[in-house]
Amino acid sequence: MTREFSHTYYLAAGECDAQRRMPVTLLVGRLIEIASLHANSWGVGYRDLITDDCGWVLSRLTVEMQSTPEVDRDYTITTWVETYNRHYSQRCFEVTDTATGTTLGYARSIWMVLDIKHRTAVDVTRLESLRDKACDRPCPIAPQSRLSPIATPTRTSTYTVRYTDCDFYRHMNTVRYVELLMNQFDLSFHDNHTLSRLELTFVRETQYNTSLTVLIDDSEASDVKLQLDDSQGTTHLRARMMFGNV
């Protein structure tokens with residue numbers, strides 16, 4: 001069983017965003033997919049854990065890209081587990097241009113095992129197949145920063161979680177969170193800025209029909225903080241989005 005796992009994808013024009021780039025929503029979906037493929041190859045994927053009513057859930061995600069895959073070209077994502085303990089597993093990713101081998105970016109993630117019936121965390125060290133699978137390959141991007149609560153947002157918006165936002169765990173899908181965050185900026189902003197780093201911290205599950213307030217602190221346009229709170233003021237997600245000029 002290899003400690004690293006790679007998969008190659010093709011970026012079609014129909015998958016690109018309005019700026020003709022690979023959207024971060026697609027990239028996040030691919031990262032989750034390859035993490036699942038690697039876990040399956042070790043016998044600790046969904047098909048194995050669901051027999052005990054358990055499954056992996058994403059707790060934190062950091063993506064840092066120098067550039068994105070080009071349209072009509074292949075790109076490869078490689079993943080490995082950096083470390084794990086009883087509480088979580090830390091998984092890293094590298095995104096490369098397949099033809100040239102050029103590194104386009106990296107990602108870091110933290111995963112927990114969830115007891116689906118009781119919605120509680122499960123001891124990750126119970127998974128015998130993970131023993132001795134940690135890889136000593138370094139991931140060069142900085143770990144996620146500590147995301148503080150937003151006390152005074154510069155602006156807010158509202159959103160109600162819909163049917164298509166929910167996944168098979170019946171909570172809001174990671175890609176839908178990212179889509180909601182990206183939609184807090186208009187087309188003109190995206191025309192003139194590119195997302196260089198994304199940090200997500202999941203605080204609480206978000207269920208169907210939850211009314212969310214999006215708190216935004218964009219007092220510094222290149223380093224925006226966001227937070228999703230429900231109608232009781234409980235935080236569900238904290239995020240940081242760092243932008244560069246096109």
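**Reading the labels in this model**

Visitor: What makes E2 count as mostly covered?

Guide: In E2, 10 of the 12 residues are buried, where buried stands for a relative accessible area under 20%, exposed for over 50% and partly exposed for values in between, with a 1.4 Å probe and protein chains only. E2 is itself a strand, and the labels follow DSSP runs numbered from the N terminus, with H or I runs of at least four residues as helices and E runs of at least two as strands. This is a predicted model, in which local features need pLDDT of at least 70 and side-chain atom pairs count only at pLDDT 80 or more, while totals for chains, interfaces and linings use all residues. Residues are numbered from 1 along each chain as its sequence is written, and side-chain values use heavy atoms, with hydrogens and water left out.

Visitor: Which strands does E2 pair with, and in what sense?

Guide: E2 is joined to strand E5, residues 103-115, by 11 bridges in an antiparallel arrangement, and it also pairs with strand E8, residues 193-202, over five bridges in the antiparallel sense. Both counts satisfy the criterion for pairing, because DSSP must find at least two bridges between the strands. As single examples, Arg60 has Ile110 of E5 as its bridge partner, and Val63 stands opposite Leu198 in E8.

Visitor: Why does the end-to-end distance of H1 agree with the expected span of a helix?

Guide: The expected span is 1.5 Å times one less than the number of residues, so the 19 residues of H1 should cover 27 Å, and the end C-alpha atoms are indeed 27 Å apart. Buried residues of H1 include Val24, Leu27, Leu31, Ile34 and Trp42, and the helix is followed by Gly43, whose phi is positive, near 80°.

Visitor: What makes the phi values of Arg20 and Asp72 noteworthy?

Guide: Most residues other than glycine have a negative phi. Arg20, however, has a positive phi of about 65°, and Asp72 likewise has a positive value near 65°. Arg20 sits in the loop between strand E1 (4-10) and helix H1 (24-42), and Asp72 in the loop between strand E2 (54-65) and strand E3 (74-84). At 73% relative accessibility Arg20 counts as exposed, and Asp72, at 53%, does too.

Visitor: Which residues touch the most other members of the largest nonpolar core?

Guide: They are Trp56, Ile77, Leu200 and Met241, within a core of 60 residues, the core being a set of buried Ala, Val, Leu, Ile, Met, Phe, Trp, Tyr and Cys residues joined through side-chain atoms within 4.5 Å. The largest share of this core, nine residues, comes from H1. Apart from it lies another core of six residues, among them Trp80, Cys92, Cys135 and Ile141. Leaving aside residues up to four places away in sequence, Ile77 touches residues including Phe5, Leu27, Leu31, Ile34 and Phe93, where contact means heavy atoms within 4.5 Å.

Visitor: How many disulfides does the whole structure hold, and is Cys54 buried or exposed?

Guide: The search finds zero disulfides, that is, zero pairs of cysteine sulfur atoms within 2.5 Å. Cys54 has a relative accessible area of 6%, and is therefore buried, whereas Cys166, at 24%, counts as partly exposed.

Visitor: Why is Ala151 called exposed?

Guide: Its relative accessibility is 75%, so Ala151 counts as exposed. Ala151 lies in the loop between strand E6 (120-122) and strand E7 (155-160), and its C-alpha atom is separated by 33 Å from that of Phe168, 17 residues apart along the chain.
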